[in-house]
Amino acid sequence: MAEIGTPQRPLRVAIVGSGPSGFFAAETLLKSLVVCAVDMFERLPVPFGLVRGGVAPDHPKIRSASRVFEKTAEHERFRYFGNVTIGRDLPIEELRHFYDAILLAYGAEGDRPMDVPGESLPGSHAATAFVGWYNAHPDYRNERFDLSCETAVVVGMGNVAMDVARMLATPVDILKTTDIADYALDALAESNIREIHIVARRGPAQVKCTLPELKEMAEIPGATPMVEPDEFSLTPACRQEIDASPGLKRIIEVLEEYSHNRPADGRRVRFRFFLAPAAVLGGDRVEAMCFERTRLAGEPGRQKAWGTGTLVDIPCGLVFRSVGYRGRPMPGVPFNEKTGTIPHTGGRVEDNGRELPGLYVAGWIKRGPTGVIGTNKPDSLETVKTLLSDLERLTPCAEPDSDAVERLLKNRGVRVVSYADWKRIDAAEVARGAARGKPRERFSRIEDMLAVLDNCQP
């Protein structure tokens, strides 16, 4: 039998997940000196993960990252298996029969709760659900958001929180030129929301959003970004943090500019600080959000928010929690419930400190939901280096045949979507968008995506 990693017998790697970390890993593998064949598995018919389903519609430049991934997908030793759920349609142990190594890169699709009373009241939502809803993600197509209230509260101050607030504040005349889902555009056109509070547990020096996201708030026509002057407070430790970071210094300058703004006609976006969620208040639905005032204590870079006992209520009809994503376990794979990640060293999966040969992890399910799209590239590179260093330790799979994988899935009634199939779905979405004066109109139901492949009109 030929040595694996050669033209006669390429190293066969299954990548689970088609987001940035998965594609960065695939690109690195296919460009390595070791000859690799990469099969990518995605539970949705459509690829690209958060680049497609998590980036705000008004950020087309970020979405264009998928063009880099398309080049990888065209490689002769790359194959896409869309509409396949690993762990259900094909268990991990069964996948090992066809691949020498398995790389898990399926992200962190769950959201972290606030763990406060009233969190499950109608009108209280995960920000991830709202983002998926306006991006036509099939998981969130049937979500409903009551936009008839005048005030919304977004808990958290990362980029996702910024996206949610910006979508609520942006005029529909601007949104209608994007690839936002039509049903979301219709709902936002009827929105009565005039005030959005973006609330952080800590202070201005600890915001998690990037500078561009923050500055965009001042570019929304008819919206005024504001900071409560009495909440714009910096401890000596904060000032040391700012002095050590030019980027943070610019963020503070922008927030200080916002602190001088005063209410004006139109929508208001209020940045609130030193408020920890205490409860969602209401009877049949959300009526207010209760927070506890906090103060910072600790060394620079390690300051924590401590409750003061003072409670503050913000009347509102809508609450979005944006306090972090969380990974979900994969059947047959170790999982750390506390961190919401798969335990590993250098990307090599471990079970109670014991290495599991041939099983690797990359991206958010590896390190947690941190960084931006580009952060996944060095992360995936680390994992691929670990995988390739294990080449002589890997056990060659019993049946190195991708066609056999597809036959097995089809025999189980799984409709496998190839990359060529995705290109047909892609073309149909672009055509639908052109008819509406948009860059694309996405299919928000899996059955409609598959209907395109059956030459049916969805």
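Leucine 394 is buried, with a relative accessible area of 7%. In this predicted model, the residue sits in the loop between helix H14 (376-389) and helix H15 (402-411). Beyond its neighbours within four places in sequence, leucine 394 is in contact with Ile4, Leu11, Asp100, Ala101, Gly358 and Tyr360. Alanine 184 lies elsewhere: 210 residues separate it from leucine 394 in sequence, and 48 Å separate the two in space, C-alpha to C-alpha.

The overall dimensions come next. The protein has 458 residues and a radius of gyration of 24 Å. A compact globule with that number of residues would have a value near 23 Å, so the two agree. Along the principal axes, the C-alpha atoms fill a box of roughly 75 × 55 × 40 Å. Buried residues account for 57% of the 458 residues. Contacts with a separation of 6 or more were also examined by sequence distance. Of these, 75% join residues 24 or more positions apart. The secondary structure amounts to 17 helices and 18 strands.

Two sheets are described here. Strands of a sheet pair through backbone hydrogen bonds, either parallel or antiparallel. One sheet is open and has six strands, in the order E6-E14-E7-E8-E10-E9, with parallel pairing. At its edges stand strand E6 (124-126) and strand E9 (223-227), and each pairs on one side only. Neighbouring strands of this sheet are turned by 20° against each other on average, direction ignored. E6 pairs with strand E14 (residues 318-321) in the parallel sense, over three bridges. Here histidine 125 stands opposite phenylalanine 320 in E14.

Helices pack on this sheet. Helix H6 touches E6 and E14, and its direction makes about 70° with that of E6. Helix H7 (residues 159-169) lies across five strands by name: strand E7 (151-155), strand E8 (195-199), E9, strand E10 (267-272) and E14. H7 runs at about 175° to E8.

H6 (residues 127-134) is largely enclosed by the rest of the structure, because eight of its eight residues are buried. The buried residues are Ala127, Thr128, Ala129, Phe130, Val131, Gly132, Trp133 and Tyr134. Just after H6, alanine 136 takes a positive phi of about 60°. Alanine 136 belongs to the loop between H6 and E7. At 3% relative accessibility, alanine 136 counts as buried.

Aspartate 115 also has a positive phi, near 60°, in a residue other than glycine. The loop between strand E5 (110-111) and E6 holds aspartate 115. Is aspartate 115 buried or exposed? Aspartate 115 is exposed, with a relative accessible area of 65%.

The other sheet is open too. Its three strands follow the order E11-E12-E13, and the pairing is antiparallel. Strand E11 (275-281) and strand E13 (304-315) stand at the edges. Each has a single partner strand, so one side of each is left without a neighbour in the sheet. The twist averages 20° from one strand to the next. E11 and strand E12 (residues 288-297) pair in the antiparallel sense, over six bridges. Leucine 281 has alanine 288, in E12, as its bridge partner.

The last element pair is made of two helices. Two packed helices are described by the angle between their axes and the distance between the axes. For helix H16 (residues 419-435) and helix H17 (residues 446-453), the angle is about 105° and the axes are 9 Å apart. H16 and H17 are therefore roughly perpendicular to each other. On the H16 side, the contact is made by Asp421, Arg424, Ile425 and Ala428. On the H17 side, Met449, Val452 and Leu453 take part. By class, the contact of H16 with H17 has five nonpolar, no polar and two charged residues.

Terms used. Residues numbered from 1 in each chain as written. Predicted model: local features only at pLDDT ≥ 70, side-chain atom pairs only at ≥ 80, totals over all residues. Heavy atoms only, no water. Pairing = 2+ DSSP bridges. Helix = DSSP H or I, 4+ residues; strand = E, 2+ residues; numbered from the N terminus. Axes fitted to C-alpha atoms, helices over the stretch in contact; angles between N-to-C directions. Parallel < 35°, antiparallel > 145°, perpendicular 65-115°, else oblique. Contact = heavy atoms within 4.5 Å. Nonpolar A, V, L, I, M, F, W, Y, C, P; charged D, E, K, R; others polar. Buried < 20%, exposed > 50% of the residue type's maximum accessible area, 1.4 Å probe, protein only. Rg over C-alpha atoms; globule rule 2.2 N^0.38 Å.
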